[in-house]
Every structure is written in structure tokens, then in C-alpha cells.
Amino acid sequence: MKKKEIVVSVLLVCLLCVNLVSMAVKAETTSTIHSVSSWYDFKDAVQYSQDGDIIVVHGEIDLGTDVKIGSSSKHLTIKRGSADSRIAFEYINEAVTNITFDGGGIASSYSWITSKYETTFTNCKFNDFGNSENYSSSGSVGGAVKIQSGSCVFNTCTFENCYALEGGAINIDGDAQVEINDCIIKNGGAVSCGGAVYNSSYAATCTISGSEITGNTAHDFGGGVSNAGNMTIIGTKIYANSAVNGGADVATKVSGVTTLKDTVEQLNELFSSDNIEVNGWV
């Protein structure tokens, strides 16, 4: 009888130990918040942060050349701390991997990111840039990203709830060359054109492939995409967007050339899992 009592006591102690260890592990994985306002502080925060940490940006951060932000081994959140917060990619060989950019729903007259030369984003998320309740209070051109020139590539990225004067998620300008590959852009909006993407320059080119653009709104033209330059769209679901003046999904402006690569048969195959039957572009 005594032997049974001893066994039960040991089991209870073991369970208590397991619970304490579990609590200790949970405490160790709590996110650390780093507040930065200069390139040097930002660089150190990115380098030394642990998986799950949050970096809050105040003011403008101008990045140097050959910048690599993030890695496949850890995921960081970089958050807008105030209305004047922004990040400028101004050089070449700049790459961003496995980062969540959080706009916090803050209305701003600045694009969160501007890119001028050569930038690649891979497996990144852009959430809540601009004010969803009042688009016009978000005075930026390109709510999440503005590509002013050079080349910019987005691979398997997600944009959600991004708002601006034009180009709710992405605005393309100058002679920029942009690729949007296997991305999702949804539930954003623009006061003017391009609820999701606005290719605003006749000299700019944009290719959108294997992506999905849905649930975006423009108060002028191009609820999903508006194009004033050269744009190619292939293997991409663009649907259920809306625009006040026309081009609910895709709008091509006078200076623009838009090439839709998919046949009706290919579009129906693309939309087969969504129970949508496609008759063609209108």
C-alpha cells in the first residue's frame, strides 16, 4: 500500500516539473521590441534580433548598398512607429527575406518603402498600410511600396489592407522594371487609380505572374490594376475588384499597353478550384 503511495507522489512531482519547464520555455520565446531611428540601430536590430522579435521604425531609414535583411532561419516584424516612418532602398543588391512589414493602420503621406535601384523581396508580408476608413488621409503614392526607378522583384509576397492616393499596395514610376511573382494582393484601395497596383509611367514595365489580386477598390480607374506603361499578366487571378469609373479588375490608360497572356481555356483552368466560369475579359 505504501509503495503505491510513493509512485503517485513521484508522478505528481514529475508533472509539476514538466509544467514549470513549459512555463520557462514560453517565457523565453516572448518577443522583444526594438525601437530604431537610424541606419546603424536598424542594422544592429536586424542582425541581433531573435526569431519573432519586432523592430519599430521612427523617422526615415536610408539603407546602404549590398543590404540583406532577414533570413529563412528567423522571422522578424518591422513596424511603422509613426506617420513619418519609412525605409529607403537607394542602392544595388538589396534583398529582403521572410519579413512581416506592419503599417499599424497609420495614415501617412509617405510610402513605407521606396526603391530606386535593385531590390528583391521574398516571402514577405505587407499589412495595414494607410487608413482603411479614410483613403484620402493616407497621402502616399504606393501605400506599401513605391518603385521610383531600377528593378524590383516580389516573390511569394502578400499585401493586405494597403491604402494610398494611388497604387494602394504598389506604385511603379520612372523607368522601373518590376516583377510580381506568386504574390497575393487583397483588400486594399486607392483614392485615384490602382487599388492594388498602379503602373503610372509610360516608361515603366511590370510583369505579374502566378498571382492573385482580389477585393481591392479604386475610386477612379483600375480596382485591381491600373496601367499607363507596359504590363504583362499571365497565370494570375484578378477578380472581385471594383472601380468607380471603370476597369474594375484591369484598367489600361491611354499611354498603356497591357498584354493578357492567358486564353479563356487557361483562365477557366486557373479558376476551376474557385467555382468561377470565365467567358473572357471585358
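## Overview

Helices (H or I, at least four residues) and strands (E, at least two) are DSSP runs, and both are numbered from the N terminus. In the chain described here, there are three helices and 28 strands. The model is predicted. Its average pLDDT is 88, and 89% of the residues score at least 70. Residues 1–28 are a stretch where pLDDT stays under 50, and the model gives this stretch zero contacts beyond four places in sequence.

Of the 282 residues in the chain, 41% count as buried. Among the contacts in the chain with a separation of 6 or more, 77% come from residues 24 or more positions apart.

## The eight-stranded sheet

Strands of a sheet pair through backbone hydrogen bonds, either parallel or antiparallel. One open sheet in this model is formed by eight strands, in the order S4-S7-S10-S13-S16-S20-S24-S28, with parallel pairing. Strand S4 (68–69) and S28 are at the edges, and each has a single partner strand, so one side of each has no neighbour in the sheet.

Inside this order, strand S10 (residues 118–122) pairs with S13 in the parallel sense over five bridges. Strand S13 (residues 151–155) also pairs in the parallel sense with strand S16 (residues 177–181), over five bridges. Individual residues show how these strands line up. Glu118 is opposite Ser151 in S13, and the bridge partner of Ser151 in S16 is Gln177. Further along S13, Phe154 stands opposite Ile180 in S16.

## Strand S3 and its partner

In a regular strand the side chains alternate between the two faces of the sheet. Strand S3 (residues 60–63) has this alternation: Ile61 and Leu63 point to one face and are buried, while Glu60 and Asp62 point to the other face and are not buried. S3 is joined by four bridges to strand S6 (residues 86–89), and the two run parallel. Within this pair, Ile61 is opposite Ile87 in S6.

## Loops

Asp66 lies in the loop between S3 and S4. Its phi is near 55 degrees, which is a positive value in a residue other than glycine. Asp66 has a relative accessible area of 45%. Buried means under 20% and exposed means over 50%, with partly exposed in between, and Asp66 is therefore partly exposed.

Asn123 is found in the loop between S10 and strand S11 (125–129). Asn123 is not a glycine, yet its phi is positive, at about 55 degrees. With 43% relative accessibility, Asn123 counts as partly exposed.

Gly210 sits in the loop between strand S20 (205–209) and strand S21 (212–214). At 36% relative accessibility, Gly210 is counted as partly exposed. Leaving aside residues up to four places away in sequence, Gly210 touches Asp182, Cys183, Ile234, Gly235 and Thr236. Gly210 and Ile233 are 23 residues apart in sequence, and their C-alpha atoms are 8.8 Å apart in space.

## The largest pocket

The largest pocket holds about 350 Å³ of space. It is lined by 18 residues, and the closest to its centre are Ile238, Asp249, Gly280, Trp281 and Val282. Three strands, S25 (237–239), S27 (250–252) and S28 (257–260), each supply at least two residues of the lining of the largest pocket. By class, the lining of this pocket has 11 nonpolar, five polar and two charged residues.

S28 therefore appears in two parts of this description: S28 stands at an edge of the sheet, with a single partner strand, and S28 also supplies residues to the lining of the largest pocket.

## The cavity

Rolling a probe the size of a water molecule over the atoms shows where empty space is left. The structure holds one cavity of 30 Å³ or more. For the largest cavity, the volume is about 40 Å³.

Which residues line the largest cavity? They are Ile233, Thr236, Leu260, Lys261, Asp262, Leu267 and Trp281. The lining of the largest cavity divides into four nonpolar residues, one polar residue and two charged residues. Trp281 is named among the residues closest to the centre of the largest pocket, and Trp281 also lines the largest cavity. Thr236, another residue of the cavity lining, is one of the residues that Gly210 touches.

Notes:
Residues are numbered from 1 along each chain as its sequence is written. This is a predicted model: local features need pLDDT of at least 70, side-chain atom pairs count only at pLDDT 80 or more; totals for chains, interfaces and linings use all residues. Side-chain values use heavy atoms; hydrogens and water are left out. pLDDT is the predictor's confidence in each residue, from 0 to 100. Contact means heavy atoms within 4.5 Å. Buried means under 20% relative accessible area, exposed over 50%, partly exposed in between (1.4 Å probe, protein chains only). Two strands pair if DSSP finds at least two bridges between them. On a 1 Å grid over the protein atoms alone, a cavity is a set of points where a 1.4 Å probe fits but cannot get out, and a pocket is an open set with protein on both sides within 12 Å along at least five of seven lines; lining residues have an atom within 4 Å of a point. Grid points are joined across faces, edges and corners, and a volume is the space filled by probe spheres set on the points. Ala, Val, Leu, Ile, Met, Phe, Trp, Tyr, Cys and Pro count as nonpolar, Asp, Glu, Lys and Arg as charged, and the others, Gly among them, as polar.
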